[in-house]
Each structure stands twice: as structure tokens, then as C-alpha cells.
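Me: I have a model open on my screen and would like to go through a few of its features with you. Shall we take them one at a time?

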Amino acid sequence: MFDTSAAKLRTGASLGVIALMLSTPALAQSDTGPVTLGPVTVKDDADHNAQNHTPPISTMPTTSIQDTPQAVSVVTGEVMRQQATTTLGDALKNVPGITIAIGEGGTLAGDQFKINGFDAKDDVYLDGLRDFAAYTRDSFDYEEVQVLKGPSGLMFGRGTTGGAINTITKTPHLGDSYLVNGEIGNGDHYRGTADINYQFSDTGAFRLNIMETDTGVVDRDLTHSTRFGIAPSVALGLGTDTVFTLNWLHQQTAARQDYGVVVASPPNSIYAKPATEFGVPRSTYMGFKVDHDKNTADLVTAKLSHTASDWLTLENDTRVAVYSRDFRYTPTDSCDNTITTHYCNLHLFGIASPGAAPGSFDPTQTLVRTGGSGPYHQASWGVQDIASANAEFHIGRFHNVLIVGIDASYQSSDRTVYAYSLPNPATYVYQLSPPGTNVASRGNIGFPLFGFNHQTPPGYAPILPTPTNLGSDTATSVLYSSAAATDLAAFATDRFWILDTLSVIAGLRVDEYRANWKTVTVGTPAAPYPYTNLKMPSFLFDPRASLVFEPDETQTYYFSWGKAVTPEGTSVVGAPNPPSAALAALAPDKSENIEVGAKFALFDGVLGLSGSIFQETKSNALQTDPNTGDILLESSQKQRVQGFEGSATGEVLEHLNLTASYTYLSPVVTFDTTAYNIGKQITFVPKNAASVWADYNAVDLLPGLSFGGGLFYQSHLFNAYTAPSAAGYPLGRVVEIPETVELDAVIAYKIDKLHFQLNVNNLADRLYYSQSFGNRATPAAGRTFIFSVGAAL
């Protein structure tokens, strides 16, 4: 029978490389860079086929990405190094179908990922365990990034409607290596990293990664961040049946975040685009100098793997994570045709008021209304433990792999939300106050789209709100919110080989999820601080099944079906606001995916190809009037995404490596309580997206020389729909974010132990948008030069 899976045979060459490197670690390090013994398959320079890598998590009964019956994109460490990647967001531009939202209601700008349009901010994992806070993740400790497309509840638990993002950290390996790297670039970019690995015994090693970054964004005023990170880790038992690793990841960030520019629509057009498309300089920063986002993240992870016998492996992964955040931001998100904004949308196009002639207003005097919530301070922590057993045995003459386990986690978050004191109307002019008045209101302050000096008005400062001082600052009425959640889950997955070439994978995960939100709001002097306590218990069922056909070690064909469930109250840390009582009572959202795909390993495995077609649907929960049957409330829209995804990774020609992906999506809203939205394209979803990155080792021209480049494309997004109305937009309104076209290039030269590299990103200096929302978009960096020097000591 088929005792050895086809995938194992495929990776045989790589395992041979592993053995060779382990036997001569010093030589291996000097020739090919660090070799990692962890979840990533060890490779030499010629092995760039990412499909040979191991699956994202060990609870999948597969041995490589190629025999994993699901679309999986991999951003390798080598690609990130060539692209001078500094954040997770940078790395994910290589994965078509992922967009980044700016954030809403106080949620952090950055790392608000959406996969095929489905919210994935809570679906970010570090080594298979949740990294559940909202912060801009630096990539200094990443070995690689893997993205699973489609519902992945069986592997990761609640959420994962669009998929999951799993980052793999750098872990200790046998052998010594000492790598340092320094970068300098325009946009006030400075960055230094160090990656040190020390083998202190025959089976033990220590690894230390350090990062310091101080950077702005080219062609964006005031946007700036400083980050520091350190990640020490130790491994014991390397190369033995029992391996233990302990890792601590610390990152601290101080940033002035970028919430972008408001959108506006030309007269007689339903399409609204970022104001930078209509003459507003791309460098325009719409916020105050005092805005800030100071956050820390500390994650301590212990992983234990024990091969009890030749058929049984036991694993236990534990994490404790602690996050803190102090946040203040100023979004400008209201520019319409009403008197409330003093006809901002008309002013930008030179029209003084409805019905006035073009040219009746100076567009450079246009004012924008601010919104969003108040500043806040947040402290969060959580713990998660996953214990699993992997048993490989025979049932009669049939080969079988069974994985069972439990997953227990707890998350807690406490947030204090502040309001703003307002300038004295006796001495301050509220420029957006109704004509003939001077009403003190935060929304009436008015921000110039042109020539904003970013200075806070006198008397405008954070205050702890009370019923008497909240006044007309309607930024928030929530004073304190405290949330906690427990998730107890059991899962089982079995892979049964019917024939040598045909196997069935089936599994089920059951979660008991309980969230509890306690909220104190600002009331009236008679009832100053109303208190609510919402409890949201849910039982979640995430089944999955696949049929896998592998005629030989180079071909995999599969059919997969899976479900994922997202309960209300799932995001106790990343949610901008506590849920309402009505929403808390709704049932979980459910998503379902059907996928047919194929994967190939060509030319002795150096080139991998994959392709799949799929349909994903997301249902919602409704609350109906028991008397009339009318829908009173919905948890979300019903949506359907049909599409195709293809990729190529590996060495296409001698010395030429390629990483390319393309995604076509047909996303449609199938039901919404607002009839106007039905049939529309799902927001935040590009119909077409592609990424191509190639690097050429020009050793024949000059030993040590290499160069490469890439193209990243994403078609336009529709981010919000407004139904026609006489008072607002008679024609209706569609917020459209223009397409992304980014060209990058790199040239590098290696001599002895030194490595020199020059990256030029956004080579064409094209205006496009790195993040967007329903009323704003953030211009991406202009043409950026980064020069780096690295040394292998």
C-alpha cells in the first residue's frame, strides 16, 4: 500500500539537503545563509518552490503545501529580504486578494486585513497561535508568511471567513550564524536588524533577532513611526525525538498614524474618489501633530514536540500575550453636498452651493468635517494552549493519519475612552457652524483640505468625559469597556488512503465560545454612568472534507468543502466599540467554501504551479419582527465570491526565480436589508489582482551580482454605497478607490561576507492607495529608495 505519501517523496530531496547541512553546519551557513529547523522546510538557494514548504500548522494531516487541499500563498523570507520588507502589510502585497482597511472608530490604521473582502483582522496567527491585537506588525522575526484562502475554521477556530494569515518566526537551528543589516532611504528611513544564532550544545541553540526602525513615508507629510523589537528564543533537543522551543517577541511602536484623505464626487457623477484625485496634494496629512499611536506587544510562546514512536507524535503549544495601547487620532471623513459640511463636496469642485455656477468658489478654501471616536487607552492580554496527537497507522491494509487535540484560550481587554474639551466659542470661530451661528462642536471645527497647519485649536484636549463636561463633543459616550472571552475547543481530522493515490480528509472542530462585555457609558446628571453587561455564549461547528488524488509525486488534484463560523463578540480586543444588545443576541455568521484545484511540481520540483476555482458564501443572522415578519436587524450582508486563483513559484530558468500569483474574483452582495446594496460588488474586493516578483542571479556576468523586480496590481475597489436621496446624493453614491499599479526593482552585490542592496519601490512614482475605507483612502509612498548593507560575521 501507499505507506509513504507522495508529498513525502516530493520533499525527499529537501530532506537530503537538511541532513547534509546538519552534518556540516558551518559550511552550510557560510554558503547559503541560515538554516532553520522549524515549521519551514530547509532549503538551499536552488529550492525556491514554496510548495515544498511544510503546511501552516501541524494539525493538518499533510506534509507539504503541495498536498494541502486548499489555496495557500507563501511569501518566503528570501522574497521579503529582496523586497526590503519591514512589515506584515508589506509582505502581503505579494498575495492577491488581500486589501487593507484604514480602520474605523478608533481601530488602528494598519493590519486591518481583508481576504477576498472578508474581515481578517482577527485571523492573524503567529506560529499557528492567535496574535489577536491590532497593531502594525514588524517582519524582523519572520521566516516566512503563509496565507490560507477560504474558511479555515477546522484548523484555526472561530472566524477565518476569508482565510487565515499565519506568520512563521525565526527559530534556533544547529550551527552558528551572525547576520547584521543596516538600511537608509529617503522619507527619513533608517533601520537596523541583527539575526544571531549560537549553538551551545549538540542539540541546543539560542537565537536572537533585534530591530530598530525610524521611518517616515515618502510624499506623506508628518506620517512617521519608530519601532523597536527583540525576539530571543532557545531550542533544546534539536535533531532528537523531543524538541522544546521558548520564544519571546517584544515590539514597541510610537507612531503618528495616517488616516488618509476624504473622498469626494465630481458634479453629476455617482463615483466618489479620494480628494487627491481632484487636485489635493498627495502629501496632504489630515490630522494634528499631537496624534499618536503608542503600543507594545509581548508574546511568549513555548512549543514542545515529542516523537513517542514511529507512528505517534505529541505536541503542545502555549502562548501568553500582553498588549497595551495609547491612541489618539483625527480622521476627516465627511465631505458631502449638505450644509452640515458647508457643501464641502461642491466647494472642492469650485461650486459655492447647490445650483451655483462652476467657478463660484475657490477650491483651495475647502473645509472638511472631522469624525471618529475619542482617544483611548487599552490594556489586553490572553493565553492559549493547543495540545494535539498525530497518529499514523494502518487500518487493515489502508494507510491512515489521525490528528486529535484540544484548544483552550482566554482573552481580556480593558479600554478607557476619552472625549475632547472644546475651544471657547467666545474667542474661537467654528468654521463649519451653521451660517449665522458659532456652535461649539468638534464637527464644526473645520479642517482645510489645502494648507492645513496641523495645530490643535486652543482648548482642544482629551478629557475624561462626565455628564457635565461631555457637552457637544459627541466623539463618544462610552467611558469604560471591559471584555473577556473563553474558547474551549476539541478537533479531530483524519486522512484515509483509499488507494495509493487517493485519499479522503475529513474533520470537525467544536468550540464553546463565551464572550462577556461590560460597558459604562456617560449618561445624564440624574443617571450619570449607565452600566450594561452582555453575555454572548455560542457553540460553533466547523466541519471540513477533502478528496485528494495524487497520481504521482508531482501532481495533486483535490476537491474541498469547508465551513467557518464567526460569533458575535468575537473580537474582544480589536473591535472599535462594544456590541449593542440587539447585535449580541444574533446568531453567528457562517461561511462555506467549495474549491477544486490542482498543484504540480515540475522540473524535479524546482518549479511549482497551482490553480483552483472556488465559490465562497457568507450568510448572516437576522432579527425579525414577530408580528410583521419585517427584518429589524442583520448581523451582516449575505455575500458570494466566485473566483479563480493561480500561482507559480520556483526556478523558471537557470538562475531566474519567479514568484507570481493571480486572482480573479466575482464578488456580489446577495442580500442586505438595504435593497440598494443587493447585487452590488462586495466592498474592499478587487476583481483582478496579481503580483509578480522575479530575481536573477547574474553570476555569469559578475560573481555576486543579482537583480530583480516586480509588479503588483489590484483593480479598483468599491468601498461604500449610498442610495439616492434628494437631500444627499440624488444619483446615489459609490466610493471607488482607484487601481493599484506598483513597480519595484532591486539590485544587489555580494562580496565575501558583505551584501549591498538598493531597492527602488514605486519606480513610476504613481499615485495609488495603500489603505482605504468607506470614506477615506491613504496615498501610498512615492518613489522610495532604500540602500542597505549587510554582513555575515
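Me: Is L702 buried, partly exposed or exposed in this predicted model?
Reply: Happy to look at that one. Buried means under 20% relative accessible area and exposed means over 50%, with partly exposed in between. L702 has a relative accessible area of 38%, so L702 counts as partly exposed.

Me: Where along the chain does L702 lie?
Reply: Two strands frame it: β35 covers 688-697 and β36 covers 705-714. L702 lies in the loop between β35 and β36.

Me: Which element gives the largest share of the nonpolar patch?
Reply: The patch is a nonpolar surface area of about 1000 Å², and L702 is one of its residues, along with others including I184, F707 and V789. The elements that give two or more residues are β39 (740-751), β40 (754-761) and β43 (784-792). The largest share is three residues, and it comes from β43.

Me: Now the open sheet of three strands: which strands stand at its edges?
Reply: The strand order is β18-β19-β23, with antiparallel pairing. β18 pairs with β19 over two bridges, and S334 stands opposite R369 in β19. Each edge strand has a single partner, so one side of each is left without a neighbour in the sheet; these strands are β18 (332-334) and β23 (447-448).

Me: And inside, which residues touch the most other members of the largest nonpolar core?
Reply: That core has 45 residues. I165 touches L92, F113 and V145, among others. The residues that touch the most other members are L92, F113, V145 and I165.

Note on methods:
Residues are numbered from 1 along each chain as its sequence is written. This is a predicted model: local features need pLDDT of at least 70, side-chain atom pairs count only at pLDDT 80 or more; totals for chains, interfaces and linings use all residues. Side-chain values use heavy atoms; hydrogens and water are left out. A nonpolar core is a set of buried Ala, Val, Leu, Ile, Met, Phe, Trp, Tyr and Cys residues joined through side-chain atoms within 4.5 Å. Buried means under 20% relative accessible area, exposed over 50%, partly exposed in between (1.4 Å probe, protein chains only). Contact means heavy atoms within 4.5 Å. Two strands pair if DSSP finds at least two bridges between them. Helices (H or I, at least four residues) and strands (E, at least two) are DSSP runs, numbered from the N terminus. Patches are made of residues with over 30% relative accessible area and no salt bridge: like charges are joined within 9 Å, nonpolar side chains (Val, Leu, Ile, Met, Phe, Trp, Tyr) within 5 Å. Accessible areas come from the Shrake-Rupley method with a 1.4 Å probe; for residues, only the protein chains shown count as cover. A salt bridge is a side-chain nitrogen of Lys or Arg within 4 Å of a carboxyl oxygen of Asp or Glu. Lists of a residue's contacts leave out its neighbours within four places in sequence.
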